[in-house]
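User: I should like to go through the reasoning behind some of the labels attached to this structure. Please set each value against its criterion.

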Amino acid sequence: MSSHITIKDIAKAMGCAPSTVSRALNNSSNISPAVREAIQRYAMEHNYRPNEFALSLRNNRSNTIGVILPQIKHYFFASVLSGIERAAGEAGYNIMVAQSNEEYDKEVAIVESFRKAKVCGVIASLAKGTMDYTHFRRLVEEEVPLVFYDRICTELNTSRVVVDDYTGAFAAVEHMIETGCSKVAFYTSPLHLEISKNRRNGYVDALRKHRLEVDNNLIIECDTREAAREITMNMLRSDGVHPDAFFAVNADTAAGILYACKDAGLRVPEDVSICGFSDNETARSTEPRLSMVDQPGEAVGEGAMELLLAKIGGGEEKLVYKNKIVKTSLLLRGSTRKKQE
């Protein structure tokens, strides 16, 4: 067989994970002697040669951590970066920051640049359109420590940090229902993202708890101010019963809904309640100010750094994958009705 057989090829032939092959070839005591010997024998018989670039990553890594942000202009991601930067500095590490701008191809290029820079670990949040994870899988196979935050990848064995999207969405929608709303629309980011799935589940369960209909026509993929304003205006101009509440994926989308409602002559919150997810300056500067589910970005960044440092440190922690969930809080302002005493 060709001398270009890879760890992935061996894993497929032996019916195990690439990480298991890698550990076996490195004489890890975490692999049983029988499995270790079988993998090493197969590799030798098929002329396996280690990937020199991968070896250089493992043996000659820098003191720099690569960080991928979808968009740094968003308050949440800027807050996450602040938490990462502080925790990295306290631990004696530098960070290399790049933003994908929500572009899959740019995300792939960033990961490749991090590999070439021999970073000692990567902290990443997926671009909205990412559905192929080959570039991140390569990092895992080369044993570059990888931690996802917020927009995570569930197809790879990595540590992850997320906010409690489900509970935050449930609390926001339930509050609007308990203050008299009965037809709640949900503006969401792409539904293939885990955060979108979890927030949708929270939205749906709040409706079901209060025996309200789940109308899929009111679950709309929309996560920008401009699109939210246009979609809401069209919705309010249409015939039939209009929503009396809106739950939005972010502050900009909630602001777009607010402007559309005011343009339509509706009073907020007397006629329509509006609540968004992820507090920022926009939410605090509208009139009325927007009620929001607050997700503490700095805590997410610090948590991601904590999990990555455990991986970089090696030992038993290197082989353990952890999920860290950061709690949200509901910030009630003028765009939602108050509960009656």
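User: Why does Gln-40 count as partly exposed?

Analyst: In this predicted model, the relative accessibility of Gln-40 is 27%. Buried means under 20% and exposed means over 50%, so Gln-40 falls in between and counts as partly exposed. Gln-40 is located in helix α3. Beyond its neighbours within four places in sequence, Gln-40 is in contact with Ala-24, Leu-25 and Asn-27.

User: What makes α1 and α3 oblique to each other?

Analyst: The axes of helix α1 (residues 7-14) and helix α3 (residues 33-45) cross at roughly 120° and come within 11 Å. Roughly perpendicular covers 65 to 115 degrees, and roughly antiparallel requires over 145; the angle of roughly 120° fits neither class, and α1 and α3 are therefore oblique. Their crossing is right-handed. The contact involves Ile-10, Ala-13 and Met-14 from α1, with Ala-38, Ile-39, Tyr-42 and Ala-43 from α3. By class, there are 7 nonpolar, no polar and no charged residues in this contact.

User: Why is α6 called roughly parallel to α7?

Analyst: Helix α6 (residues 104-116) packs against helix α7 (residues 134-141) at about 20°, with the axes 9 Å apart. Since angles under 35 degrees count as roughly parallel, α6 is roughly parallel to α7. The crossing of this pair is left-handed.

User: Which residues of α6 and α7 meet?

Analyst: Tyr-104, Glu-107, Val-108, Val-111, Glu-112 and Arg-115 of α6 meet His-135, Phe-136, Arg-138 and Leu-139 of α7. This contact comprises 5 nonpolar, 1 polar and 4 charged residues.

Conventions:
Residues numbered from 1 in each chain as written. Predicted model: local features only at pLDDT ≥ 70, side-chain atom pairs only at ≥ 80, totals over all residues. Heavy atoms only, no water. Axes fitted to C-alpha atoms, helices over the stretch in contact; angles between N-to-C directions. Helix = DSSP H or I, 4+ residues; strand = E, 2+ residues; numbered from the N terminus. Left-handed = near helix turned anticlockwise from the far one by under 90°. Contact = heavy atoms within 4.5 Å. Nonpolar A, V, L, I, M, F, W, Y, C, P; charged D, E, K, R; others polar. Buried < 20%, exposed > 50% of the residue type's maximum accessible area, 1.4 Å probe, protein only.
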